[in-house]
Amino acid sequence: MANRFLTEIAAGTDLGLGLAAVVAAEPTITERKFTTICRTILAAQPKVRNIALIVGDLVKYNCPLGGPSVKIGRELGDAVDGASSFERLQQSDDAVVSGPLRVGTGDWVIVVRIPIRIKSETGLLKYWGAISVPLRLSGMIQQSGLSDPTMGIDVAMRGNREPMRAPETIFGDAAIFENGAVRVPIAMPEGTWFLAARPTKTLPDEPQTLQRLFMVIAALFSGAVVLVAVPYVARRRRLEVEVNRNRDLLRALMRNSPIAMYVKDVEGRYLDLNEEAYRAYRIGESDIHGRTARDFVDPDLADQFEAEDVRVLSGEVVRTERRADASSTYAWEREIKFPVIDASGKVIAIAGYVLDITGQKQSEARMLEALRRAEAANREKSNFLATMSHELRTPLNAIIGFSDILRREMFGPLGSANYQAYATDIHKSGQLLYDLLGGIIDLSAVEAGHLNVKSESLTPDQVIADCRAILEALARERDHTLIIRVDTSTAIWGDRRLLRQVIINLTSNAAKYTRKGGRIEVIAEDLGDQVVFRVCDNGIGMEPGDIERALQPFTRLGDPMRAEIGGSGIGLTLVKRLVEAMRGSLIISSTPGTGTTVEVRLPKAS
């Protein structure tokens, strides 16, 4: 019984403490919100008569009684519970209890008031107002179960502040005090009262049982407020400290952030800005509160802000990047707006922060300009190489032609055998240089966008037939075994001349990078919606990390064996560019000491 009664008193006091904490966290709480909270409490707790919010010494909101703000003493309708009670409330950090008091409707109540303290500008907590919760004495006794008829006990309570007056029964039947009932004095906040009980049926050890029972009840009545108020006031203090700590933390983070931050209400009126926002938008703190963006920026930008606010109020996070308004110290800014949502899921404010991205935009502009210049320089380089290659080909044609005449002794013997050897060397060197220049011309044309691709429908047999003699000569030169196999007759879509050059270049690479007497395979086969040309060798191979390097122009990898091999290092680069120009793909797989496989995949002709 003691626990049940204590629980009812604790629950009523806890409601007041919780509501006081809500108001402490939101001193500007509206009457509508306060009334909504109180109606929920009143519906669930019939022992609570009404709840009042006191600001200073006036009742600001009173649910469900309503009415204008009046002095506390007049509102409660009891002179004894007037100034003295209010003075104790202002001076105390604990709950102040009055009663039992008789209100206008005849109910007897115990009034619990919880002071609300708000941090001042000096950082100290000071009295701001209070929550007043009158608890019906009859409701507490009934909800605790003390008046349950099944218990077999009748309970009554009476007393008054003036000993000379006849005591007044505040609960139960006055007749219970007669006929030998057990009586226990109770020290209530406003005087001494008496609790009486008598059995409605025979109980074992009746006097002793009732005496023990009502000593407990009396102790609860006289000390319940202390038992309940002390732990709950301590809890309220901890809650206030936590609320204030979190508020100070958020305020410190906002104030000291190098990013402009702001908070607006749902109507778009500014509630708070941090120092960076004041600096960035050249405004004074007194100029901003309660005003909207339309007071500070161009109308078009204000329209954009309002449209974004509508999206935020629907729960969306809005990210915007734009050139800043003339009023800002930023040139470019990125803004992120997001909704502030309360525990019920309702959007109660709009918050956001603005980043200065001027430096980032300037860096992007410099990078784009550098890229444009690099591309222009690359085109100029390609044009230069193509022009020089053409210019060099003219004298090379003469060198190759005249050296061939000397080598063949077309106009008579040269005389010495050395002349024959020199002429042969001149011819070979000129032919090699001519081939290298041809590769540079082709690569330059591709990079400059001047490559003329004439795609047509052709079969793999046609491609292999065009270059079979050259492939066999490349293999024969280093005693390699050459295997050519065409396993498909499906037509492909590509440039015949370019594809022939691709196959010859890949086979030439395979022949050069395979030890003498090796094995080279050139295979064409069907692969879904593509046809693949595969060139495989059992040469020296490459490390996986070297494959990407091998595709870079003028790059030759550092294997000692490759130092003896001629070439400019553009063969694979040119092959890749030519294959991509024909809308194909190049795939290379290689293992050191095992060999390399290169696949050229081209689309089938429709």
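Analyst: Before we start, buried means under 20% relative accessible area, exposed means over 50%, and partly exposed is in between (1.4 Å probe, protein chains only). This is a predicted model, where local features need pLDDT of at least 70 and side-chain atom pairs count only at pLDDT 80 or more, while totals for chains, interfaces and linings use all residues. Residues are numbered from 1 along each chain as its sequence is written, and side-chain values use heavy atoms, with hydrogens and water left out.

User: Okay, how many salt bridges does the structure hold?

Analyst: Here's what counts: a side-chain nitrogen of Lys or Arg has to be within 4 Å of a carboxyl oxygen of Asp or Glu. One of the pairs is Glu 306 with Arg 294. The number of salt bridges in the structure is 31.

User: Let's take that pair, then. How many residues apart in sequence are Glu 306 and Arg 294?

Analyst: Their closest N and O atoms are 3.0 Å apart. Glu 306 belongs to helix α8 (residues 299–313) and Arg 294 to the loop between α7 (275–280) and α8, so the bridge ties together parts with a sequence separation of 12 residues. By the way, helices (H or I, at least four residues) and strands (E, at least two) are DSSP runs, numbered from the N terminus. So the answer is 12 residues.

User: Is Arg 294 buried, partly exposed or exposed?

Analyst: Its partner Glu 306 has a relative accessible area of 39%, so Glu 306 is partly exposed. For Arg 294 the value is 36%, so it counts as partly exposed.

User: Which residue does Glu 308 meet in a salt bridge?

Analyst: The two side chains come to 3.5 Å, N to O. Glu 308 lies in helix α8 and its partner in strand β12 (residues 318–323), so the pair ties together parts 14 residues apart in sequence. Both ends of this bridge are buried. The partner is Arg 322.

User: And what about Arg 496, which residue does it bridge to?

Analyst: The closest N and O atoms of this pair are 2.6 Å apart. It links distant parts of the chain, with Arg 496 in helix α12 (residues 496–512) and its partner in helix α11, 30 residues away. Arg 496 is partly exposed because its relative accessible area is 28%, and the partner, at 29%, counts as partly exposed too. That partner is Asp 466.

User: Which residues do shared salt-bridge partners join into one network?

Analyst: Glu 308 and Arg 322 have a salt bridge with each other, and both belong to the network. Put together, the members are Lys 264, Glu 308, Asp 309, Arg 322, Glu 333, Glu 335 and Lys 337.

User: Switching to rings: are Phe 34 and Tyr 61 stacked, tilted or edge-to-face?

Analyst: Rings of Phe, Tyr and Trp (its six-membered ring) pair if their centres lie within 6.5 Å; planes under 30 degrees apart are stacked, over 60 edge-to-face, and the rest tilted. That rule gives three aromatic pairs here. For Phe 34 and Tyr 61 the centres are 5.7 Å apart and the planes at 40°, so the pair is tilted.

User: How many residues apart are Phe 34 and Tyr 61?

Analyst: Phe 34 has 0% relative accessibility, so it counts as buried, and Tyr 61 is buried as well because its value is 11%. Going back to the ring pair, their planes meet at 40°. The pair links distant parts of the chain, with Phe 34 in helix α2 (residues 31–44) and Tyr 61 in strand β2, and the separation is 27 residues.

User: Any backbone oddities? What is the omega of the bond between Cys 63 and Pro 64?

Analyst: Most residues other than glycine have a negative phi, and most peptide bonds are trans. Pro 64 sits in the loop between β2 and α3 (72–76). The bond joining Cys 63 to Pro 64 is cis, with an omega of about 5°.

User: What is the phi of Glu 409?

Analyst: Glu 409 is in the loop between α9 (358–408) and α10. Its relative accessibility is 34%, so it counts as partly exposed. Although Glu 409 is not a glycine, its phi is positive, at about 55°.

User: And where is Asp 479 found?

Analyst: Asp 479 also has a positive phi, near 60°, in a residue other than glycine. It counts as partly exposed because its relative accessibility is 49%. Its place is the loop between α11 (460–477) and β16 (481–486).
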